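Please look through the sequence and the model below before reading on. The report then takes up the parts of the chain one after another.

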Amino acid sequence: MVLPIALFLLLLSLGFQIEAQLQVGFYNDKCAGVETIVRQEVHKAFVQDYGIAPGLIRMHFHDCVVRGCDFSIGIDSTPNNLAEKDGPPNGISLRGFEVIDNAKAMIESKCERVVSCADILAFAARDSAFFTGGMFWDVPAGRRDGRVSLAAETIDIPAPFNNLDELTRAFNKKGLTQREMVALSGAHTIGISHCTSFSNRLYNFSSTNSQDPTLDADYAAQLKQKCPRGPGGSIDPNLVVPMNKSPALLEPSYFGDVLTHRGLFTSDQALTTSTQTTEQARSYASNVLAWQADFALAMIKMSQIEVLTGAAGEIRSNCRRINP
Ligand code: HEM
C-alpha cells in the first residue's frame with residue numbers, strides 16, 4: 001500500500017481544544033527551530049535503524065501513562081531508586097533514549113533549560129509517525145519535566161495478557177476512551193516484540209489448551225519457529241519477532257491481522273471480542289485515512305495526559321537526571 005508522503009491533518013491546528021495550557025508553537029519565541037532539531041535527530045537515527053521510530057512512539061505512550069507526559073520514563077535509576085525505565089514492562093524493551101539525549105544536547109547548546117525533555121519526546125513520537133507512516137500533526141507544547149520516577153508505578157501500563165475490559169479500564173483511567181484505545185493500538189503495526197511477551201499463547205495458555213485457540217494455527221506455527229522453547233521449556237529472553245509483515249510501515253494492516261486472528265498479543269486479539277471494537281477494526285482495515293485521522297487525534301490527546309505546566313516540575317538540563 002502506498003501512503004501519501006505527508007498527510008497534513010490541519011484539523012489539529014484548526015480549533016482542536018487544547019487542554020492544560022499547552023500550545024502549538026510554544027517555543028517559537030523562546031527557542032526557535034526546536035522542532036526542526038528534533039526532527040533531524042530522529043531522522044538521523046531512523047535511517048540507521050527504523051526501529052527507533054516504534055521505540056519512540058512506545059516510549060511516549062509509556063511515559064504518558066505513568067505520572068503523565070513528564071519524561072519520568074527517561075530518568076535513570078540510582079542506587080536509591082529503581083526508576084520507571086527499569087520497571088517490568090520497560091526493562092529490556094524500550095529503545096530510543098539516545099535520540100532524546102542527542103536532541104536535548106543540541107537544543108541545550110542553543111537555549112539552556114528552555115525546552116523540556118517531555119516536549120522533545122512528544123515531538124519525536126510525532127516525527128516517528130511521519131517517517132514510518134507519512135502522518136503529521138501539530139504538537140501542542142509547554143510540558144514540564146517531572147522530578148519523580150518509580151518503577152513500581154509502571155503497574156499502570158496495560159499488559160499484553162489483558163482482556164478488553166481491562167484494557168478499556170486502563171485507558172479510561174487516563175482519560176482515553178475505548179475508541180481511542182482501539183485507534184492507538186494500530187501502533188502495533190510497527191516494531192518488534194520479545195517472544196516472552198506472548199509465548200504463553202504458544203505453549204502454556206490454559207489448563208485445557210496449551211495454545212491459544214483464538215490464535216490462527218499457521219501463524220502460531222510460524223511464531224513457534226521463531227520463538228522455540230529451550231531447555232526446561234524456557235524462552236530465550238532476547239528473541240524477538242516483527243509485530244507484523246511490514247514492521248517499518250505505520251499503516252492499518254494491524255487491524256486486518258486482528259480480524260484474521262493474527263494479533264500478536266491477547267490484548268491485540270481482544271479488540272475482536274466486542275461487536276463495537278470489531279466494527280471499528282473493520283472500518284480502519286479498509287479505510288487508511290479514517291484510521292490516520294483517529295490515530296493522530298488520539299496521539300495528541302494521549303500526549304496531554306496529566307501534563308505539568310506553568311511553574312510545576314522543571315526543565316531538566318540532562319534528560320536522564322532531575323536537576324540538582
Ligand atoms: C492496548 C494496550 C497495549 C499493550 C497491552 C501493549 C503491549 C505491548 C507489548 C507487550 C509490546 C512488545 C514489547 C516487547 O516485548 O518488546 C509492545 C510493543 C509496542 N507497542 Fe504496545 N501496547 C499497548 C498499546 C500501545 C500504544 C497505545 C502504543 C502507541 C501509541 C503502542 C506502541 C507500541 C509499539 C510502537 C511497539 C513496538 C516497540 C518497538 O519496536 O520497540 N502500544 N506493546
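What follows is a description of the domains, the nonpolar cores, one pair of helices and several single residues.

**Domains and cores**

The model is a predicted one, and its protein chain is divided into domain 1, which covers residues 7-157, and domain 2, which covers residues 164-297. The C-alpha centres of domain 1 and domain 2 lie 24 Å apart, and the contact takes 19 residues from domain 1 and 20 residues from domain 2.

The largest nonpolar core has 70 residues, and the members that touch the most other members are L56, F71, I100, W137 and F295. Helix α4, residues 117-133, supplies the largest share of this core, namely nine residues. The core also draws on both domains, with at least three residues from each of domain 1 (7-157) and domain 2 (164-297). Apart from this core lies another one of 14 residues, including L202, Y203, Y219 and A220.

What does F71 touch, once its neighbours within four places in sequence are left aside? The contacts of F71 are M59, D63, F97, I100, C117, A118, L121, D145, R316 and C319. I100, which appears in that list, is itself named with F71 among the core residues that touch the most other members.

**Helices α2 and α3**

Two packed helices are described by the angle between their axes and the distance between the axes. For helix α2 (residues 52-65) and helix α3 (residues 97-110), the axes come within 9 Å and cross at roughly 85 degrees. Because angles of 65 to 115 degrees count as roughly perpendicular, α2 is roughly perpendicular to α3.

Where the two helices meet, I52, L56 and M59 stand on the α2 side, while F97, E98, V99 and I100 stand on the α3 side. The residues of this contact divide into six nonpolar, no polar and one charged.

V99 gives a view of this contact from a single residue of helix α3. Is V99 buried or exposed? V99 has a relative accessible area of 3% and is therefore buried, since buried means under 20% relative accessible area. Not counting residues up to four places away in sequence, V99 touches E41, V42, A45, I52 and L56. V99 and L56 are 43 residues apart in sequence, yet their C-alpha atoms are 8.7 Å apart in space.

**Other single residues**

The table lists further residues with their places in the chain and their relative accessible areas.

| Residue | Place | Relative accessible area |
|---|---|---|
| R67 | loop between α2 and α3 | 34%, partly exposed |
| K224 | helix α8 (residues 217-226) | 28%, partly exposed |
| F265 | loop between α9 (253-259) and α10 (266-269) | 7%, buried |
| D294 | helix α12 (residues 288-302) | 24%, partly exposed |
| E306 | segment after α12 | 43%, partly exposed |

Which backbone angle is noted for R67? Although R67 is not a glycine, it has a positive phi of about 60 degrees. E306, which is not a glycine either, has a positive phi of about 40 degrees.

F265 is buried, with a relative accessible area of 7%, and its contacts, apart from neighbours within four places in sequence, are P160, H188, S193, S197, F198, R201 and M243. F265 and P237 are 28 residues apart along the chain, and their C-alpha atoms are separated by 16 Å.

K224 is partly exposed, and leaving aside its neighbours within four places in sequence, K224 is in contact with L202, Y203 and Q211. L202 and Y203 are also among the members of the core of 14 residues. The C-alpha atoms of K224 and F61, which are 163 residues apart along the chain, are separated by 29 Å.

D294, in helix α12, has a relative accessibility of 24% and so counts as partly exposed, because partly exposed is the range between buried, under 20%, and exposed, over 50%. Once neighbours within four places in sequence are left aside, D294 is in contact with R179, A183 and Y284. D294 and T214 are 80 residues apart in sequence, and 27 Å separates them in space, C-alpha to C-alpha.

How values were computed: Residues numbered from 1 in each chain as written. Predicted model: local features only at pLDDT ≥ 70, side-chain atom pairs only at ≥ 80, totals over all residues. Heavy atoms only, no water. Core = buried A, V, L, I, M, F, W, Y, C linked by side-chain atoms within 4.5 Å. Buried < 20%, exposed > 50% of the residue type's maximum accessible area, 1.4 Å probe, protein only. Helix = DSSP H or I, 4+ residues; strand = E, 2+ residues; numbered from the N terminus. Domains from an automatic or database assignment. Contact = heavy atoms within 4.5 Å. Axes fitted to C-alpha atoms, helices over the stretch in contact; angles between N-to-C directions. Parallel < 35°, antiparallel > 145°, perpendicular 65-115°, else oblique. Nonpolar A, V, L, I, M, F, W, Y, C, P; charged D, E, K, R; others polar.
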